[in-house]
Amino acid sequence: MLNDTLKQIINNINISNAYYEFDEFDVFMLDIAKNSRNIFIFKDNQIFEYKDENLILFSNAEFIAILKEILQNEKEKNNTINLSIEKREELILENKKVKNFLTKYFILKVKLGKSSKIVSSVLEACKICHSKQHFIKKNLKTIILNLAILERSIKDNIARLEGIYTYINTARSEKINKNIYFLSIISAIFLPLNLIVGFFGMNTKNLFLSENEYGTYYVLATILVIFFILFLWYQFKDKKELDLDEFSVKKKKK
């Protein structure tokens, strides 16, 4: 049976996936699965598992096997998320619509956040254990290396997911801006036409061109000229906008 001091220390530990140093022993705590906590005691170059208030001798291989299982589970989660991100990247490259992305983005972000927290905390605990427990140093080296690789992969997936989110939001904003710009152009075209029609539609005497045989044609010609001038201005404005793809092609040809 554990003495009362050791029981009290273990019961007061709240942070999971961490390595704690004490005078007579060290504690390595793993809290991965729901309603399950693995507590390992390191003392005199031996590993014990704290279970049901008892110390059970644990071999190095069994301890490493638990860490490998955690590593494998997190790898599988990350690989599944990676495939989901790749699928959406391919849809974007093919100019296809990504449906319900905001909901999927939130779910993937939460999963990656949880996985990142687990991997980072276990990695940090393993590093401390590696520096303190020399008898298991060799076995922990591979685990630490793989955890570090997995941590970078998770961060990379988070960055890629954020990139897709930014791109989709930018594309939506650009589409809205184009629609607003188009409506503004239409308004700019029809505003002077409405003024002309309104002016010549007044029921007053001595109206300009009212008695001219070709008055209607003059007004129509004026409207067409205004429309043509605005059209040329719109076309000229579009040509002044820089197309990066065309610019890069021209630069290569030179």
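**Loops, a buried Asn and a positive patch**

Colleague: I'm new to this one, so where does Asn95 lie?
Modeller: Keep in mind that this is a predicted model. Helix H2 covers 60–93 and helix H3 covers 101–132. Asn95 lies in the loop between H2 and H3.

Colleague: Is Asn95 buried or exposed?
Modeller: The cut-off for exposed is over 50% relative accessible area. Asn95 has 71% relative accessibility, so this residue counts as exposed.

Colleague: What is phi of Asn95 near?
Modeller: Most residues other than glycine have a negative phi. Asn95 isn't a glycine, yet its phi is positive, near 60 degrees.

Colleague: Which loop holds Asp44?
Modeller: Asp44 also has a positive phi without being a glycine, with a value near 55 degrees. Its relative accessible area is 65%, and therefore Asp44 is exposed. As for its place, strand E3 (38–43) comes on one side and strand E4 (46–51) on the other, so to speak: Asp44 is found in the loop between E3 and E4.

Colleague: Is Asn17 buried or exposed?
Modeller: Asn17 sits in a loop too, the one between helix H1 (4–12) and strand E1 (18–21). Buried means under 20% relative accessible area. Asn17 has 6% relative accessibility, so this residue counts as buried.

Colleague: Which residue's side chain does a polar contact of 3.4 Å join to that of Asn17?
Modeller: Asn17 has a couple of links to look at. Its side chain reaches the backbone nitrogen of Asp31 at 2.8 Å. The 3.4 Å polar contact is between side chains, and it joins Asn17 to Ser121.

Colleague: Which residues form a positive surface patch?
Modeller: Start with Lys97, which has its place in the loop between H2 and H3. At 72% relative accessibility, Lys97 counts as exposed because the cut-off is over 50%. The positive surface patch is formed by Lys97 together with Lys99, Arg172 and Lys175.

Colleague: Stepping back, what pattern does the protein follow along the sequence?
Modeller: The protein has six helices and five strands. Read along the sequence, a helix is followed by the five strands and then the remaining helices, giving α-β-β-β-β-β-α-α-α-α-α.

Colleague: And what percentage of the residues in the protein do buried residues make up?
Modeller: Asn17 is one example, counted as buried because its relative accessibility is 6%. Across the 254 residues in the protein, the buried share is 30%.

Notes: Residues numbered from 1 in each chain as written. Predicted model: local features only at pLDDT ≥ 70, side-chain atom pairs only at ≥ 80, totals over all residues. Heavy atoms only, no water. Patch = residues over 30% accessible without salt bridge, like charges linked within 9 Å, V, L, I, M, F, W, Y side chains within 5 Å. Areas by Shrake-Rupley, 256 points an atom, 1.4 Å probe, with all protein chains shown as cover. Salt bridge = Lys/Arg side-chain N within 4 Å of Asp/Glu carboxyl O. Lys, Arg positive; Asp, Glu negative; His and termini not counted. Charge placed at Lys NZ, Arg CZ, Asp CG, Glu CD. Helix = DSSP H or I, 4+ residues; strand = E, 2+ residues; numbered from the N terminus. Buried < 20%, exposed > 50% of the residue type's maximum accessible area, 1.4 Å probe, protein only. Polar contact = N/O pair within 3.5 Å; in protein donor to acceptor, adjacent residues only side chain to side chain.
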